[in-house]
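Q: Could you pick out one part of this model and go through it slowly with me? I'd like to know how its pieces fit together, and what the words mean as we go.

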Amino acid sequence: MPDSISTPAALTGMQRWLNSWWPSVRLRRDPLSDWRVEGRYAAVSIANWKLTPHTARLLLERRVAQPLSFAANQRLTVVIPFRDRDEHLLQLMPVLSAALDEQRIRHRVLVVEQEAGGLFNRGRLINTGIHYAAGDSDYYCLHDVDAVPVVANYQCPSQPLRLVNTLRGPEGESRRTNYYLSGAVSIRKDQVFAVNGFSNEYWGWGKEDDDFFFRLLLAGYLCFYDTQGTFEDLPNPKQQQVVRNSPETPPHVKRNRQRRSRLLRGLISPFEDGLHTLRYEVIERLSGALFERIRVRW
């Protein structure tokens, strides 16, 4: 198991200066691109990352084939970050509950709702759910409310595992890219705490999942995805859809991209921000037959 994340503190002053301006180049190769476990589980690719030479060396040094196995009789908490998606929640919960029962997984489902007002912060909500349920969990599934399982393995994986591959929507089937780590991700509790969880500083929509994936890569974890994983993709609200390179890109989206870029360059340490800096207040608790729901404020 990896012991620590490589942080900017390990860089010399000259390295930090070089990393701050050196052009990023797409890696384009992944030594594990053709590797599979049981013919079903593939490594989430790093080939799409645009990196400085120093960061590329760090990731490639840690890119080692590792086994993937599944442990039985582990306690799962499904963490669903949430705001203004009641229709999606009503569609997801009966199907998710049935899938977990069928796989005989000891579980709780925790819906973490952000109070109204202010920009949405998915990373903070996931961190809140992880922290809130830590005493009763051996592993988590970090699960979007708009992803309804059709074929999904919710068992406890030895390495972080993306459950989603094929999406079924109104326009037919599509597939997630092989470098994506979001949608529904299962991960052991010790692993998510080892990388300090998610950043708390990505506001609005986007890039917090890239940040989390990069934390896992720095720590030497090998993330997998299930090539058979199939989910129904519920339509997102229009306000959450960001058009790439649009002249009307909101300022918070630009800040998210800049923050991710600084992380990839080694100018931000994952230890500066995450579970250990999380602050939240639970302002309401609700319990139902299929899930618990807490409303929080920052």
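A: Let's start with the vocabulary: helices (H or I, at least four residues) and strands (E, at least two) are DSSP runs, and they are numbered from the N terminus. Two strands pair if DSSP finds at least two bridges between them. Keep in mind that this is a predicted model, where local features need pLDDT of at least 70, side-chain atom pairs count only at pLDDT 80 or more, and totals for chains, interfaces and linings use all residues. Residues are numbered from 1 along each chain as its sequence is written, and side-chain values use heavy atoms, with hydrogens and water left out.

The part I'd zoom in on is a hairpin: E12 and E13 form it, with two residues between them. Strand E12 covers residues 166-169 and strand E13 covers residues 172-175; the two run antiparallel, joined by four bridges. If you want one spot to find on screen, look for arginine 168, whose bridge partner in E13 is glutamate 173.

E12 has another partner too. It pairs with strand E16 (residues 230-233), this time in the parallel sense, over three bridges. Here leucine 167 stands opposite phenylalanine 231 of E16. That phenylalanine 231 is also the bridge partner of proline 149, in a pairing where E9 and E16 run antiparallel with four bridges between them.

Put those pairings together and you get an open sheet of four strands, in the order E9-E16-E12-E13, with mixed pairing. Its edge strands are E9 (147-151) and E13, each of which pairs on one side only. From one strand to the next, the twist averages 30°; angles like this run from 0 to 180 degrees between N-to-C directions, and axes are lines fitted to C-alpha atoms, for helices over the stretch in contact.

Now step back along the chain to proline 160, in the loop between strand E10 (156-157) and strand E11 (161-162). Why does proline 160 count as buried? Because its relative accessibility is 0%, and buried means under 20% relative accessible area (over 50% is exposed, in between is partly exposed, with a 1.4 Å probe and protein chains only). Proline 160 touches several residues from elsewhere in the sequence, including Ile187, Leu216, Tyr221 and Cys223; touching, or contact, means heavy atoms within 4.5 Å. Proline 160 and valine 192 are 32 residues apart in sequence, yet 9.0 Å apart in space, C-alpha to C-alpha.

One of those neighbours, Cys223, raises a fun question: how many disulfides are there? The count comes to zero, where a disulfide is a pair of cysteine sulfur atoms within 2.5 Å. Cysteine 141 is in no disulfide, and the nearest cysteine sulfur, in cysteine 156, is 11 Å away. For cysteine 223, the closest cysteine sulfur is that of cysteine 141, 14 Å off, so it is too far for a bond. Cysteine 223 is buried, with a relative accessible area of 1%.

Another neighbour of proline 160 is Leu216, and helix H6 covers residues 208-218, so let's look there too. The axes of H6 and helix H2 (residues 53-61) come within 9 Å and cross at roughly 65°. Thr55, Leu58 and Leu59 of H2 meet Phe214, Leu217 and Leu218 of H6. By class, that contact has five nonpolar, one polar and no charged residues (Ala, Val, Leu, Ile, Met, Phe, Trp, Tyr, Cys and Pro count as nonpolar, Asp, Glu, Lys and Arg as charged, and the others, Gly among them, as polar). In H2, the buried residues are His54, Thr55, Ala56, Leu58 and Leu59, and what covers them includes H6 along with helix H1 (13-21), strand E4 (50-51) and helix H7 (251-264).

Last stop: the rings. The structure holds five aromatic pairs; rings of Phe, Tyr and Trp (its six-membered ring) pair if their centres lie within 6.5 Å, and planes under 30 degrees apart count as stacked, over 60 as edge-to-face and the rest as tilted. Tryptophan 49 and phenylalanine 214 make a tilted pair, at 5.7 Å centre to centre and 50° between the planes. Tryptophan 49 and phenylalanine 214 are buried. Phenylalanine 198 and phenylalanine 212 have centres 4.2 Å apart and planes at 10°, so that pair is stacked.

Terms used
Lists of a residue's contacts leave out its neighbours within four places in sequence.
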